[in-house]
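Visitor: I am new to this structure and should like to be guided through it by questions. May we begin once it is in view?

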Amino acid sequence: MEKQPLPADDDKTETVESEVDALTGEERPQGSSEPAARAGWNSKIEYFLAQVGFSVGLGNVWRFPYLCHQNGGGAFLLLYVLLLLVLGIPLFFLELAAGQAIRQGSIGVWKYISPKLAGIGYSSCVVCFFVALYYNVILAWSLFYLGNSFQYPLPWEQCPKQGNITVKECERSSPTSYFWFRKALDTTDSIDEVGSFNTNMICCLLAAWTIVCLGMFKGIKSSVKVMYFSSIFPYVVLICFLVRGFMLEGAMDGIIYMFYPKLEIWADLQVWLQAATQVFFALGLGFGSIIAYSSYNPKNNNCHRDAFTVSFINFLTSVLASLVVFAVLGFHAKVKVDACIASNLKQLSERYQHGFIDQTQMPTFNSSDSSPVAAEVYSSWFKEYGSKVSANLTDCDLEKEMQKGVKGTGLAFIAFTEAMSRLPGSPFWSALFFLMLLNLGLSTMFGTMEGILAPLTDRFKTLAKNKTKLTIFSCIIGFVIGLLFTQRCGNYFVTMFDDYSATLPLIIVVVFECFSVSWLYGADRFLDDIEVMLGWRPPIIYKYLWKYICLLAMVGLLAVTTIRTFIKRPTYTAWNQETASNSDLPYPDWALAVLALLILFAMMPVPVGLIHSFLQDRKKPSRDTEAVADCHGGSGSFVLVADFSTELVAEHPEV
């Protein structure tokens, strides 16, 4: 039997409608193809705030700058824009159009398009739940630092002392590293050492889930009110930091290191993989949140324009965040390098005075002068004489300083925090920064939770009638399970969930999404539906992008990610209290088992949905045969075959 068109089509036969009702669980007035009544956005601004707030998250601030710096600077930006146009925007447009046309969450959308792939929507919900668990822990960390920002001096500006002796762990590392690992997390040396629960983090996690619950209490009607602040405030803070950062010495050095193009990096396959992965996760593909938010749009909304607008706002936000991060880190690195050079020159001068260094090995510049020496001048001298001088000198390299801790939590809670502590009025800048992180995380959390709640309430009427209770219950469950991350080893579990619980499942989800639309439903038919919905037909290039380019690229990304996951033993970065340094440790066997279970649990709905649909298809013909035979008194006047059941029913309307 031919697949039903999307609700935007004009086919209004009763047969189609009964199928749609069976697939989506919706009751519709007879003879109408319009979707059931559904809540909507009060304005286009609300919708944009929600989509931008979801897609622009913490990764824009602490992952994109790191990738850009490590992978060719300006060359990486060009590569990112190319992949955004070829992969990101077409897939983003696909999810927007599907949600807007069918007006369902992820479960209803993919079950509507192909009942055999109904499990895709459930997998999206599971992944959203996994992400929400650890993402809200990061919000709890931000709350903890925000609360500690309202004091002067900041508690991470100086090492604490026990009596008159500086704490060794802090002395061997830095005040910010010590505060993060010992005061905030009180972390253990490995994931095997469980430790006790961190009371401070439990309180902060409870506060974070309370904020999310209050924001989601009335669905999009309440969350969008929070988004007016949470989606706009980060941009205000980033602009303030950018202006302040450009006024700092060394800021331009940081930006030059950030954007200096290294075009030869394009020959490295690893860079292409990292750029494609960042495009994929930056837009939030596969979570179901994009579909959920777009399902509240009127069906004539220009979702094609929205795809480009939101995608480029996301990209420009990443560039803005990169400018801010490396302007401030450039200042931080300049201060560290100046201190390093001053220390080395002092040591050099002392050894020269005691006759340990020959006059010919001394630098031509005045080593006893207290004024700062340019890093380039010192570096050129060090390359020529550094190895010849019998002193424990270092090269004081600016780029090496900038590379320290510029990724993930290391950037937010150590490197950037240390840089802000050197600014005049450091508590003010610290409070602004962590309030910005909190709001970035909140907007993403609202979208993630909507990716869970909207599909479930669309699919199950009982949950739809009790959506407020479902929201509260989901937040309570999230908090209880989230206590796992408040143990002393909890940050290692955050790393585990961040690296593995979502990556593979989300890529698989998007592969199935692309395949089901472009091949099972048909790319041409999907474009026909969009034409009816928008009043104009999108360019034909989308057909080939969806069917070949996007699908093959995602399959390739899936293959590489899978090979890496299963061939190379996964590792995590652990903090060693004795040496006061980070080290990479392999996950123990039990942790690998947990990783495997996370991935399997997230993907289980896909094969389960396929098997369930197959069994339902096998049962359906026998039911049809029995029903028609009963209507004819069991006389056996009709010998029915399943393939002709629909035609026979059409010929005998009295049946």
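Visitor: Over which ring does the charged end of R459 sit, and how far is that end from the ring's centre?

Guide: The model shown here is predicted. In this model the charged end of R459 is placed over the ring of F460. The distance from that charged end to the centre of the F460 ring is 5.9 Å.

Visitor: Over which ring does the charged end of R525 sit, and at what distance from its centre?

Guide: The ring beneath the charged end of R525 is that of Y521. From the centre of the Y521 ring, the charged end of R525 lies at 4.4 Å.

Visitor: How many aromatic pairs are there, and what is the arrangement of the rings of Y145 and F413?

Guide: The count comes to 47 aromatic pairs. For Y145 and F413, the ring centres are 5.1 Å apart and the planes stand at 50°. A plane angle under 30 degrees would count as stacked and one over 60 as edge-to-face, so the pair of Y145 and F413 is tilted.

Visitor: Which helices hold Y145 and F413, and how many residues apart are the parts that the pair ties together?

Guide: Y145 belongs to helix α7, while F413 belongs to helix α19, residues 408-421. Both Y145 and F413 are buried. Because the two rings come from these two helices, the pair ties together parts whose separation in sequence is 268 residues.

Visitor: How are the rings of W266 and W272 arranged?

Guide: The relative accessible area of W266 is 31%, which makes W266 partly exposed. W272, at 29%, also counts as partly exposed. Their ring centres lie 5.9 Å apart with the planes at 80°, so the pair of W266 and W272 is edge-to-face.

Visitor: How many disulfides does a search of the whole structure find, and which cysteines form a disulfide?

Guide: The search of the whole structure finds 1 disulfide. Its sulfur atoms are 1.9 Å apart, and a disulfide requires them to be within 2.5 Å. The cysteines that form it are C159 and C170.

Visitor: Which parts does the pair of C159 and C170 tie together, and how many residues apart are they in sequence?

Guide: C159 is found in the loop between α7 (119-148) and β1 (161-162). C170 is found in helix α8, residues 168-172. The pair therefore ties together parts whose separation in sequence is 11 residues.

Visitor: Is the disulfide of C159 and C170 left-handed or right-handed?

Guide: The two cysteines may be placed by their accessibility: C159 is partly exposed at 23%, whereas C170 is buried at 1%. The torsion about their S-S bond is about -85°. With that torsion, the disulfide of C159 and C170 is therefore left-handed.

Visitor: Which cysteine sulfur is nearest to that of C125, and which is nearest to that of C550?

Guide: C125 is in no disulfide, and the nearest cysteine sulfur, 6.5 Å away, is that of C128. C125 is buried, with a relative accessible area of 9%. C550 is likewise in no disulfide and is buried, at 0%. For C550 the nearest cysteine sulfur, 5.4 Å away, is that of C514.

Visitor: What is the span of helix α10?

Guide: Helix α10 covers residues 199-216 and has 18 residues. At 1.5 Å a residue the helix should span 26 Å, and this agrees with the separation of its end C-alpha atoms, which is 26 Å.

Visitor: What covers the buried residues of α10?

Guide: The buried residues of α10 include M201, C204, L205, A208 and W209. An α-helix has 3.6 residues a turn, so residues three or four places apart point the same way. Among the elements that cover the buried residues of α10 are α7, α9 (175-184), α11 (220-230), α20 (426-459) and α22 (467-482).

Visitor: Which residues does S222 touch, not counting residues up to four places away in sequence?

Guide: S222 lies in helix α11. At 13% relative accessibility, S222 is below the 20% limit and therefore counts as buried. Not counting residues up to four places away in sequence, S222 touches L214, G215, M216 and F217.

Terms used: Residues are numbered from 1 along each chain as its sequence is written. This is a predicted model: local features need pLDDT of at least 70, side-chain atom pairs count only at pLDDT 80 or more; totals for chains, interfaces and linings use all residues. Side-chain values use heavy atoms; hydrogens and water are left out. Helices (H or I, at least four residues) and strands (E, at least two) are DSSP runs, numbered from the N terminus. Buried means under 20% relative accessible area, exposed over 50%, partly exposed in between (1.4 Å probe, protein chains only). Rings of Phe, Tyr and Trp (its six-membered ring) pair if their centres lie within 6.5 Å; planes under 30 degrees apart count as stacked, over 60 as edge-to-face and the rest as tilted. A charge sits over a ring if NZ of Lys or CZ of Arg is within 6 Å of the ring centre and within 35 degrees of the ring normal. The expected span of a helix is 1.5 Å times one less than its number of residues. Contact means heavy atoms within 4.5 Å.
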